[in-house]
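Biologist: Could you take me through one strand and its surroundings in close detail? I'd like to know what sits opposite what, and where the side chains go.

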Amino acid sequence: MPQTDETAKGHDLIADDNGELFRLSDLTGAGQGPSRIFDGKTMDPPRGRHWAYDQPGIDELWANGRIVFSLGGKPRLKTYVRDLPGVAVRDIWTDIEPLNSAAQERLGYPTQKPEALLSRIIEASSNEGEVVLDPFCGCGTAIAVAQRLNRRWIGIDITHLAIGLIKKRLVDAFGDSVRDTYEVIGEPEDLSGAEALAKEDPYQFQWWALSLVGARPLEKKKGADQGIDGRLYFHDEPRGGKTKQIILSVKAGHVQAAHVRDLRGVIEREKAEIGALISMEPPTKPMLKEAAEAGFYQPPGLADKFPRLQILSIAEMLEGKEIAYPRLLDVTYKKAPKARKAAEEQIPLAGAEIEDEGPF
């Protein structure tokens, strides 16, 4: 005679030997009724209750394995989740929890929404291959979910801070190949574009320049940076060890040796391992001399040395120059989890030509 734990509640889900989930519920209803036979044994219902099925119904449930007994001998109805009708989703959703501080997908963006929420919205309102538009895309949750669900997408945001975060999120979730499947419109592509951005909006230029090296912009009010525009964090010991940092300063206008001296003072004050000055203009000889005098940072246990003060011009960065530092583990941003379901082939994304789809 099949038995189950007496402590199982009606809302609990239990897995059978094949891993399928089921629930157990009472086989009685209000109001006194006659006895019934269960597996050859006549049983009375509890006082004031009646068996919810007639004898043929009970015999059919028993034959189909739908009745089990508690350890105390009470018959209970076994219903598989696959057979439950469910409840239609209503206009107030309480079954999707907001992101908490320990959520794996949390990136630290203040208005980030759960992927489960965007999955429901996108699946309910579009089909595979159709276009999803998010005009205020923030950290890119709608974009990442649309990519995973095989939708084409268009994301819009006015800050290079958001664009840089979205680009990193896509790579973390879908791999480096995703870079070839979208186009960023409005981002500087060459030195003249960078110069135009620097003149038009130095703060947007700063965020864009920091995104080129994957740095985290400093959350601050204007004028309160204390010589710090961004940071990179890394580990350079095999077992993790202490988190190390790189201080970044971005200059959109004229640069001189005094800026390098100031940055040296900042990294000493902050006890940082490396400082990097990103400048729109190429460095002068006095600037390079000042940087060289700062010496080198040598990670513990390694023979490699890295300049303690580094200067990178935008022209050099557009050609691929990077900050030199030990890259055992970059922990600047929390890494977005790999997509649970990624398309075998990346579908054309926003910016690619879409045929017969109106203005898109």
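Modeller: Let's start with a facing pair: F69 stands opposite P75 in β9. Keep in mind that this is a predicted model. F69 belongs to strand β8, residues 67-70, and three bridges join β8 to β9 in an antiparallel arrangement. The two strands make a hairpin with four residues between them, and in that turn G73 has a positive phi of about 90 degrees.

β9 has another partner too. Strand β3, residues 21-26, also runs antiparallel to β9, and five bridges join them. One of the pairings there puts D26 across from R76.

Now for the side chains. P75, L77 and T79 point one way from β9, while R76, K78 and Y80 point the other way. Buried or exposed, then, on each side? Buried in every case, R76 and K78 included. With six of the six residues of β9 buried, the strand is largely enclosed by the rest of the structure.

If you want to look further afield, try the largest nonpolar core, which has 25 residues. F205, I246, L248, I278, I314 and I323 have the most contacts inside it. Helix α6, residues 202-212, is among the elements that supply at least two residues, and α6 gives the most, with four. Setting aside neighbours within four places in sequence, F205 touches A194, L197, A198, V250, K251, A252, M280 and I314. There is also a second, separate core of 17 residues, including I143, L149, V171 and F174.

Terms used
Residues are numbered from 1 along each chain as its sequence is written. This is a predicted model: local features need pLDDT of at least 70, side-chain atom pairs count only at pLDDT 80 or more; totals for chains, interfaces and linings use all residues. Side-chain values use heavy atoms; hydrogens and water are left out. A nonpolar core is a set of buried Ala, Val, Leu, Ile, Met, Phe, Trp, Tyr and Cys residues joined through side-chain atoms within 4.5 Å. Buried means under 20% relative accessible area, exposed over 50%, partly exposed in between (1.4 Å probe, protein chains only). Contact means heavy atoms within 4.5 Å. Two strands pair if DSSP finds at least two bridges between them.
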